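Please open the model in the viewer and keep the sequence panel beside it. The tour begins with the whole chain and then turns to a single element.

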Amino acid sequence: MSDPILIINPNSSGEVTDGIRHAVAVLGPHFEVIDIQQSPATIASDEDVARAGLEVLATSRARPDASAYITACFSDPGLDLLRAEGVKTAIGCQEAGILTALARADRFGIIALSERSIPRHMRKMRQMGVAERLAGELALPGVSAAASGRDEAVYALVRDKAEKLGQMGAGAIVLGCAGMAPIRARLEQDTGLAVIDPVMAAASIALGAVLG
């Protein structure tokens, strides 16, 4: 496959971009991972999501060589714009992460970066028609995207949230930020639950779409 699958990290954190690049490398040399330098380091507010969506669309227009596009932020900024543009293969990591979780468990849980992320996640799940299979969504105390996958104190919080979601009936945990990619395997081993990295889920779907 000569045309890359373009994974767009809509924030400006190089640490998050590097974490995504490392995670998807196991799937082969099919991916190009970039970020948007004019964006904030963490996509936090609804305004951040709206602005990031426009940047994702502009980035895709500047890269017509890509075979598929992934918006690598859990709020899926720009996904609807890409699809309205007529992009054949546009994948959002929230949709991909949730659908992958539902393939592995009857009920799923989500760990969000902050409380203010939850209402927009819930809107998306209602649109997807999967809200009734949500065991719960628990939030971290507004940490940065980079810290969510690298800070040991934050990892302890993530593990606590994952264990609580398991007690609430979640058989699979979706990590609610692309920055959490470096802790997926460790969290799965520590909790005994299926843990879904949403960007890896999106990358797997994209790979199947362009190679199938």
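What percentage of the 212 residues in the protein do buried residues make up? The share is 57% in this predicted model.

**Whole chain.** Display the protein as a cartoon: eight helices and eight strands should appear. Reduced to its C-alpha trace, the protein spans about 45 × 35 × 30 Å along its principal axes. The radius of gyration is 16 Å, which agrees with the value near 17 Å for a compact globule, because that is what 212 residues would give.

**Contacts.** Next, show contacts between residues at least 6 apart in sequence; 72% of these join residues at least 24 apart.

**Surface and charges.** Switch to the accessible surface, which comes to about 8,900 Å². Carbon and sulfur atoms account for 51% of that area. Then select the charged residues: the protein has 20 positive and 25 negative charges, and the mean positions of the two sets lie 3 Å apart.

**Strand β1.** Now select residues 5–9, which form strand β1. Five of its five residues are buried, and the strand is mostly covered. Show the side chains: Ile5, Ile7 and Asn9 point one way from β1, while Leu6 and Ile8 point the other way. Residues on both faces are buried.

**Partner strand β2.** Add residues 31–35, strand β2, to the selection. Which way do β1 and β2 run, parallel or antiparallel? They run parallel, and five bridges join them. To end the tour, centre on Asn9 of β1, whose bridge partner in β2 is Asp35.

How values were computed. Residues are numbered from 1 along each chain as its sequence is written. This is a predicted model: local features need pLDDT of at least 70, side-chain atom pairs count only at pLDDT 80 or more; totals for chains, interfaces and linings use all residues. Side-chain values use heavy atoms; hydrogens and water are left out. Helices (H or I, at least four residues) and strands (E, at least two) are DSSP runs, numbered from the N terminus. The radius of gyration is taken over C-alpha atoms; the globule rule is 2.2 Å times the number of residues to the power 0.38. Buried means under 20% relative accessible area, exposed over 50%, partly exposed in between (1.4 Å probe, protein chains only). Contact means heavy atoms within 4.5 Å. Accessible areas come from the Shrake-Rupley method with a 1.4 Å probe; for residues, only the protein chains shown count as cover. Lys and Arg count as positive and Asp and Glu as negative; His and the chain ends are not counted. The place of a charge is taken as NZ of Lys, CZ of Arg, CG of Asp or CD of Glu. Two strands pair if DSSP finds at least two bridges between them.
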